[in-house]
Amino acid sequence: MLPKILLTILSIASSFYMTLVLLRFLLQLARADFYNPISQFVVKVTNPPLRVVRKVIPGWGGIDGAAIVLVILIQAITFALVLLLYDAGAALFNPAWLLSWSVLNVAGLIASLYFWAVIAVVVISWIAPGSSHPAIQLVAQITEPVMRPVRKVVPSLGGLDLSPIIVFLILQVITVMIDHMKVATGMPALLAGM
């Protein structure tokens, strides 16, 4: 019972912080409003460890490599702790495996973040179009780099924007590919559910 409770706490805490760091990465990638109160919160919460990682991994071309490295490190440490909790055996502590599983899980988390952000944008466009709430503005800014290329290819039909459907399909294909890669790399089912 205790390992399951610890696993739940570890999974929730690491997923929450990894989501915040990835959110910061996506906000920078989308060049979202830095002065938005939510952006300020994300920056303040993620800045201490990112400052340390940036000493080793500098940014490049507007891409914050330190954020991605930090998320992968957090995921790898979480996986190692989970394997220790369940006494999974020394064979699973291969650093290359932990790194590859962490990269795949982070890629899946990014796809999941985009999926839910696009759903939020679609729902908000029906419920509260033109709203100026800071969260709504940030979600729209995060999804715009993903939606813009699809909107260029798929024209709107009389005010009906079909680009979210195409983005959903693309994200589902990416998610299926990531899931198959997890199986191909031998990721234990215990870690795949995290």
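Let me begin with the surface of the chain, whose accessible area comes to about 11,100 Å², and 74% of that area belongs to carbon and sulfur atoms. Please keep in mind throughout that what we are looking at is a predicted model, and that the mean pLDDT of the chain is 85, with 93% of its residues reaching 70 or more.

Turning to the overall architecture, the secondary structure comes to seven helices and zero strands, so that is a point we can read straight off the order of elements, α-α-α-α-α-α-α from the N terminus on. Along its principal axes, the C-alpha trace spans about 60 × 35 × 35 Å. If we take the contacts in the chain with a separation of 6 or more, 68% of them are accounted for by residues 24 or more positions apart.

Now, what about the interior? Of the 194 residues of the chain, 33% count as buried. The largest nonpolar core has 28 residues, and the members that touch the most others are Leu-26, Leu-70, Val-71 and Val-167. Which elements give two or more residues to this core? They are helix H1 (2-29), helix H2 (37-54), helix H3 (65-85), H4, helix H5 (134-153) and helix H6 (163-184). There is also a second, separate core of ten residues, which includes Phe-79, Ala-80, Met-187 and Leu-191. As general background, nonpolar side chains in soluble globular proteins tend to be buried together.

To make the larger core more concrete, let us look at Val-71, which, when we leave aside its neighbours within four places in sequence, is in contact with Met-18, Val-21, Leu-22 and Val-106.

A residue of another kind is Ser-102, which lies in helix H4, residues 95-127. Is Ser-102 buried or exposed? Its relative accessibility is 0%, and because buried means under 20%, Ser-102 counts as buried. Not counting residues up to four places away in sequence, Ser-102 touches Ile-72, Gln-75, Ala-76 and Phe-79, and Phe-79 is one of the residues of the second core that I mentioned a moment ago.

As for charge, the chain has 11 positive and 6 negative side chains, and the centres of these two sets lie 8 Å apart.

Let me close with a word of caution about confidence. Among the elements of the chain, H6 has the highest mean pLDDT, at 91, whereas helix H7, residues 189-192, has the lowest, at 68. Where pLDDT is low, the predicted coordinates should not be read in detail.

Methods: Residues are numbered from 1 along each chain as its sequence is written. This is a predicted model: local features need pLDDT of at least 70, side-chain atom pairs count only at pLDDT 80 or more; totals for chains, interfaces and linings use all residues. Side-chain values use heavy atoms; hydrogens and water are left out. Helices (H or I, at least four residues) and strands (E, at least two) are DSSP runs, numbered from the N terminus. Buried means under 20% relative accessible area, exposed over 50%, partly exposed in between (1.4 Å probe, protein chains only). Contact means heavy atoms within 4.5 Å. A nonpolar core is a set of buried Ala, Val, Leu, Ile, Met, Phe, Trp, Tyr and Cys residues joined through side-chain atoms within 4.5 Å. Accessible areas come from the Shrake-Rupley method with a 1.4 Å probe; for residues, only the protein chains shown count as cover. Lys and Arg count as positive and Asp and Glu as negative; His and the chain ends are not counted. The place of a charge is taken as NZ of Lys, CZ of Arg, CG of Asp or CD of Glu. pLDDT is the predictor's confidence in each residue, from 0 to 100.
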